Amino acid sequence: MSTRDFIEKDYYAALGVPKDADAADIKKAYRKLAQELHPDKNPGNADAEARFKEVSEAYDVLSDPKRRGEYDEARRLFGAGARPGGFPGGFPGGGGGQPFDLGDLFGGTAGAGGGRGAGGLGDLLGGLFGGAAGGGARARSQAASGPARGQDVETEATLSFEEAALGVTVPLRMQSPGTCPTCNGSGARPGTSPHTCPVCQGAGVTSRSQGAFAFSEPCRNCRGTGSVVDDPCPTCAGNGVTTQTRTITVRIPAGVKDGQRIRLPGKGAPGRRGGPAGDLFVVVHVSEHPLFGRKGDDITLTVPITFAEAALGTTITVPTLDGNVSLKVPAGTSSGRTLRVRGRGIPGKGRSGDLLVTLEVAVPARLTPAQRKVVEALAEEMDEDPRPQITAAVQAGGER
């Protein structure tokens with residue numbers, strides 16, 4: 001991505017969020033759009049694929065506080081949609097006929113005294129482009145013709161509750177850009193090879209002047225690659241890259257949460273011209289469990305007990321993720337009480353979570369005649385008021 005592209009693109013509009021949106025709103029908007037536009041759900045839809053890449057690019061910047069701050073500062077300096085190739089209304093002091101190359105501004109020659117080493121805006125934007133944000137045609141030439149990092153790829157994986165809690169190794173079948181198997185990424189038909197672009201002489205960029213300004217732009221003849229393919233590969237049409245279906249085995253660590261984004265370095269699309277591969281991001285979706293819930297690293301479980309068990313006490317057997325455990329219910333246990341079984345929750349590196357068992361006294365919806373007599377007899381024996389504070393408040397209200 002060039003500096004100009006970075007400044008002109010509105011990442012907030014791409015995600016449909018305001019500029020003051022917090023991290024949670026940005027993540028929520030991205031997840032919704034990513035699910036709608038994912039290539040697996042829109043096979044053969046080029047518009048959806050392009051929009052998916054745009055949304056992913058926007059999230060990569062706005063989800064990183066440092067990169068987001070640099071992006072906001074750059075757009076504030078240049079103005080939304082402004083081009084770093086010129087200034088409206090002219091540039092003070094630039095009327096002497098000497099062309100002014102804004103590449104100098106980004107390359108660190110825009111100090112107050114005109115001296116070198118001032119840093120310029122390259123320090124501001126450098127982190128977003130993997131190095132200096134300009135440096136003139138020489139730096140852009142090296143970027144155009146040198147190794148290029150592969151694209152990041154995102155896919156989704158749906159896990160059961162147990163798999164997410166304990167960890168699992170899963171095969172992922174995915175479609176992503178890959179090196180063309182016919183031309184091995186050269187873009188040329190087998191038996192031929194690309195040659196140096198005659199327009200830019202392999203630089204990948206050309207310079208042109210506009211009034212008092214001079215700036216560089218990608219070479220239109222070679223599209224910024226620095227080389228030209230006369231006889232394109234029939235498989236990839238000269239791009240050197242094709243969409244390929246591949247299956248990779250991914251280890252999902254124990255304790256992942258629903259919506260968590262796992263980064264697998266070097267598992268994304270392969271690089272070009274010897275560059276490193278991109279990263280693979282796996283968005284995890286966790287299915288609900290019929291019995292268990294989750295609260296941080298603790299697992300929750302609700303267990304019904306009878307009135308007799310709650311009043312007299314008992315020992316019950318409850319399930320966990322890795323077997324059963326016996327749990328002692330003290331006599332006089334009230335409904336809603338939570339008992340803790342330590343170390344039987346989500347496994348962790350330092351300490352595992354706990355199992356939280358909430359007891360609920362089950363009240364029968366219907367009673368047999370014999371059961372009713374027993375309960376009525378028990379009610380007569382239990383004449384203690386279970387709600388003395390409420391009774392006192394009611395009596396006090398009636399005396400007013």
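R189 and D231 join their side chains in a salt bridge, with N and O 3.1 Å apart. R189 sits in the loop between strand 3 and strand 4, and D231 in the loop between strand 7 (227-228) and strand 8 (241-252), so this pair ties together parts that are 42 residues apart in sequence. With relative accessible areas of 35% for R189 and 31% for D231, each residue is partly exposed. Please keep in mind as you read that this is a predicted model.

## Salt bridges

Let's stay with charged pairs for a while. Side chains of opposite charge can pair when their charged atoms come close. How many salt bridges does a search of the whole structure find? The search finds 15 salt bridges.

Another of these pairs is K9 with E57, whose side chains meet at 3.2 Å, N to O. K9 belongs to the loop between helix 1 (3-8) and helix 2 (11-15), while E57 belongs to helix 4 (residues 46-62), so the bridge ties together parts that are 48 residues apart in sequence. K9 is partly exposed, at 34% relative accessible area, and E57 is partly exposed too, at 22%.

A further pair is R340 with D354, whose closest N and O atoms are 2.8 Å apart. Here the bridge links distant parts of the chain, from R340 in strand 15 (residues 338-341) to D354 in the loop between strand 15 and strand 16 (355-361), 14 residues apart. Is each partner buried or exposed to some degree? R340 is partly exposed, with a relative accessible area of 44%, whereas D354 counts as buried because its relative accessibility is 2%. This pair also belongs to a wider group: D298, R340, R342, R351 and D354 are linked in a network of salt bridges.

Here are the three pairs side by side.

| Salt bridge | N to O distance | Separation in sequence |
|---|---|---|
| K9 and E57 | 3.2 Å | 48 residues |
| R189 and D231 | 3.1 Å | 42 residues |
| R340 and D354 | 2.8 Å | 14 residues |

## Cysteines

Now for the cysteines. How many disulfides does the structure hold? The count is zero. Take C180, which is in no disulfide: the nearest cysteine sulfur belongs to C183 and lies 3.7 Å away. A disulfide needs two cysteine sulfur atoms within 2.5 Å, so a distance of 3.7 Å does not qualify. C180 is buried, with a relative accessible area of 1%.

C183 is in no disulfide either, and the nearest cysteine sulfur to C183 is that of C236, 3.7 Å away. C183 is buried, at 8% relative accessible area.

You can also look for C219, in the loop between strand 6 (213-218) and strand 7. C219 is buried, with a relative accessible area of 1%. C219 and G204 are 15 residues apart in sequence, yet their C-alpha atoms are 5.4 Å apart in space.

## Two positive phi angles

Next, let's visit two loop residues and their backbone angles. N184 has a phi near 60°, a positive value in a residue other than glycine. You will find N184 in the loop between strand 3 (168-179) and strand 4 (195-196). N184 is exposed, with 64% relative accessible area.

Where is Q201 found? Q201 is in the loop between strand 4 and strand 5 (205-210). Its phi is near 60° as well, again a positive value in a residue other than glycine. Q201 counts as exposed because its relative accessible area is 60%, and exposed means over 50%.

## Patches on the surface

Finally, turn the structure to look at its surface. Which residues gather in a patch of negative charge? They are E376, E380, E381, D383, E384 and D385. One of them, E384, is in the loop between helix 11 (369-381) and helix 12 (388-398). E384 counts as exposed, at 70% relative accessibility.

The surface also carries a nonpolar patch, formed by F307, L378 and M382. Together, these residues have about 300 Å² of accessible area. M382 has its place in the loop between helix 11 and helix 12, and E384 from the negative patch is found in that loop too.

Note on methods: Residues are numbered from 1 along each chain as its sequence is written. This is a predicted model: local features need pLDDT of at least 70, side-chain atom pairs count only at pLDDT 80 or more; totals for chains, interfaces and linings use all residues. Side-chain values use heavy atoms; hydrogens and water are left out. Patches are made of residues with over 30% relative accessible area and no salt bridge: like charges are joined within 9 Å, nonpolar side chains (Val, Leu, Ile, Met, Phe, Trp, Tyr) within 5 Å. Accessible areas come from the Shrake-Rupley method with a 1.4 Å probe; for residues, only the protein chains shown count as cover. A salt bridge is a side-chain nitrogen of Lys or Arg within 4 Å of a carboxyl oxygen of Asp or Glu. Lys and Arg count as positive and Asp and Glu as negative; His and the chain ends are not counted. The place of a charge is taken as NZ of Lys, CZ of Arg, CG of Asp or CD of Glu. Helices (H or I, at least four residues) and strands (E, at least two) are DSSP runs, numbered from the N terminus. Buried means under 20% relative accessible area, exposed over 50%, partly exposed in between (1.4 Å probe, protein chains only).
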